[in-house]
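Trainee: I would like a close look at one part of this structure. Please start from one strand pairing and work outward from there.

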Amino acid sequence: MLRVAVVGSGPSGCYTAQGLVEQDPGVHVDVLDRLPCPYGLVRYGVAPDHEKIKSLQNTLRAVLEHDRVRFLGGVPVGPGGVPADRLRELYHAVVYCVGAATDRRLGVPGEDLPGSWSATEFVSWYSAHPDAPGQGADGDRAADGFLRGVRSAVVIGLGNVAVDVTRILARRAAELSRTDVPHAALTALAASAVTDIHMVGRRGPSQARFTTKELRELATLPDSGVAVDAAELAADPACADPAALPAPQRRNVEVLRGWTAGPAPDARRRIRLRFYLRPVEVLARDGRAAGVRFERTVPDGRGGVTGTGRFEDIGAQLVLRSVGYRGVPLEGLPFDPASGTVPHRAGRVLREGGVAPGEYVAGWIKRGPTGVIGTNRPCAKETVTSLLEDASALTLRDVPDEPLAALRAEGVEPVTWTGWQAIERAEAELGASLGRNVVKLPDWESLLAAARTARR
Ligand code: NAP
């Protein structure tokens, strides 16, 4: 029997577990997660109003309910949890599917002012991540709230996360109340006085990273309107002949061209997409973010941009920096700081250029924070193929018959699948008590208290 630990229960972890049990009838997989809840970014990153993508949880659920797969939540690997070396002793192989846990920095003055947040902090807040600001870890700074006193917001970046946070800022609370958004965030969004959202990119429209489906959705929001500056579109040489562009960029440019007339005069909220503006400073007033200073850029002919020495300030009481995720080093594993990934060959972890037996990676920690959820399928498949090729060598080493018993003997008490099901019941009950559908529990205390009810 081959015993494998998968660290991380997001899409890449679940696809890895699925590949292993489907391809080898002798493999048993424990999927560990530091959180008491499974599904990673599907639960804590996909926007609450994207219900169709969220329903992918049903596919991932089937994996975690497979009779040779076990979910062990609330088990951190690394400092304060199970050391990576110990995990290697307990299992024949360990696959790290830990994603990209932090956000990229802008590296400009004022970036950490109150009122300036990474988009991932905002996403975590409305997704009820128990480590999100306001749920304990960063409570003081969040006590100010993301939205209190905010009329204008600047979102920096032109990726799908920027589109997500822009859309959530523009949506009516009535549309969000039927989702699982936590109640405190719903209340704050309902009270929001935001009227203007500026989504700003340093490069041109043909270089934006968002996908057309997500972009189009911005124009479908009730009471909101979208505006694009015709001069900024014209500044992009590729927009003169979009037919020459690859299909995804061509479609984006065609959609953007349709928005130059601006929002309807009665739009309650205005979304303005801006291009060729590079952030140089988050501006302060009374110790808080008051806007962003941008330098106007021009295309350099090689896909990049150069500064012009001309500046534009956009006033805002909320700044969301949406410039991508970044992997963080895991204690005991090699790490390439330049790419924020673990060096690997076809999913096998490399130490000093050589393969480290029994250690694997899949997902964003393997290939960087790009692609949609489905991109994790082929990524996990490659890793699974490598691991199963190595299986006969890996099983030469003795491991405990029951790693869970060994973990428990060392004081680790995981949230098992029945614990997670108790959390699901508690979230359904919370929703019913509020006259809503399922509503997520937003903090460690209530999640763990709900999980404990399963043990009684
Ligand atoms: P992303 O797609 O990498 O976009 C990052 C954006 O930040 C780019 O516009 C980039 O501009 C900009 N940027 C980076 N550094 C900057 C700087 N110093 N100053 C100004 N702008 C800067 O990242 P993401 O939006 O976080 O998304 C991560 C992944 O998740 C993507 O693959 C995305 O498609 C996926 N995702 C998908 C969905 C969905 O399918 N609905 C939803 C959310 C996320 P440059 O191009 O100029 O570098």
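**Strand 4 and its surroundings**

Mentor: Strand 1 (residues 2-7) and strand 4 run parallel, and four bridges join them. Bear in mind that this is a predicted model. Within this pairing, valine 7 has tyrosine 96 of strand 4 as its bridge partner.

Take strand 4 itself next. The strand spans residues 93-96. Ala93 and Val95 point one way from it, while Val94 and Tyr96 point the other way. All four are buried. What does "buried" require here? The cut-off is under 20% relative accessible area.

Now cross to strand 18. Strand 4 and strand 18 also run parallel, joined by three bridges. Tyrosine 96 appears again here: it stands opposite valine 361 in strand 18. Tyrosine 96 is thus the partner of valine 7 in one pairing and faces valine 361 in the other.

Go one strand further. Strand 18 (residues 354-361) is joined to strand 17 (residues 348-351) by three bridges. This pair runs antiparallel. Arginine 348 stands opposite tyrosine 360 of strand 18.

Put these pairings into the whole sheet. Seven strands make up an open sheet in the order 3-2-1-4-18-17-16. The pairing is mixed. Which strands stand at the edges? They are strand 3 (69-72) and strand 16 (344-345). Each has a single partner strand, so one side of each is left without a neighbour in the sheet.

Look just before the edge strand 3. Histidine 66 sits in the loop between helix 4 and strand 3. Histidine 66 is partly exposed, at 26% relative accessibility. From histidine 66 to proline 182 the C-alpha distance is 30 Å, across 116 residues of sequence.

Helix 4 also leads to a pocket. Helix 3 (51-54), helix 4 (57-64) and helix 18 (417-433) each give at least two residues to the lining of the second largest pocket. The volume of this pocket is about 380 Å³. Its lining counts 17 residues. Lys54, Gln57, Asp180, Glu427 and Val438 lie nearest the centre. By class, nine of the lining residues are charged, five polar and three nonpolar.

Asp180 of that lining comes shortly before helix 10, which covers residues 183-190. Which residues of helix 10 are buried? They are Ala185, Leu186 and Leu189. Seen down the helix axis, these buried residues fall within an arc of 100 degrees, so they line one face of the helix. The face turned away from the buried side carries the exposed residues Ala184 and Ala190. The cover over the buried residues includes helix 6 (119-126), helix 8 (160-170) and helix 9 (173-176).

Focus on one residue of that face. Leucine 189 belongs to helix 10. Its relative accessible area is 6%, so leucine 189 is buried. Setting aside neighbours within four places in sequence, leucine 189 contacts Trp125, Leu147, Ile168 and Leu176. Lysine 381 is 192 residues from leucine 189 in sequence, and their C-alpha atoms are 40 Å apart.

Then there is the enclosed space. How many cavities of 30 Å³ or more does the structure hold? It holds one. The largest cavity has a volume of about 60 Å³. Among the residues that line the largest cavity are Asp103, Arg104, Ala119, Val161, Arg321 and Tyr325. The lining divides into four nonpolar, four polar and three charged residues.

Finish with a run of strands further along the chain. Strand 11 (residues 277-285) and strand 12 (residues 288-299) are antiparallel partners over eight bridges. Arginine 278 has glutamate 295 of strand 12 as its bridge partner. The two strands form a hairpin with two residues between them. In that turn, aspartate 286 has a positive phi of about 50 degrees.

Strand 12 also pairs with strand 13 (residues 305-315), again in the antiparallel sense and over eight bridges. Threonine 297 stands opposite glycine 307 in strand 13. The hairpin of strand 12 and strand 13 has five residues between the strands. There, glycine 301 takes a positive phi near 85 degrees.

Notes:
Residues are numbered from 1 along each chain as its sequence is written. This is a predicted model: local features need pLDDT of at least 70, side-chain atom pairs count only at pLDDT 80 or more; totals for chains, interfaces and linings use all residues. Side-chain values use heavy atoms; hydrogens and water are left out. On a 1 Å grid over the protein atoms alone, a cavity is a set of points where a 1.4 Å probe fits but cannot get out, and a pocket is an open set with protein on both sides within 12 Å along at least five of seven lines; lining residues have an atom within 4 Å of a point. Grid points are joined across faces, edges and corners, and a volume is the space filled by probe spheres set on the points. Ala, Val, Leu, Ile, Met, Phe, Trp, Tyr, Cys and Pro count as nonpolar, Asp, Glu, Lys and Arg as charged, and the others, Gly among them, as polar. Buried means under 20% relative accessible area, exposed over 50%, partly exposed in between (1.4 Å probe, protein chains only). The arc is that of the directions from the helix axis to the C-beta atoms. Contact means heavy atoms within 4.5 Å. Two strands pair if DSSP finds at least two bridges between them.
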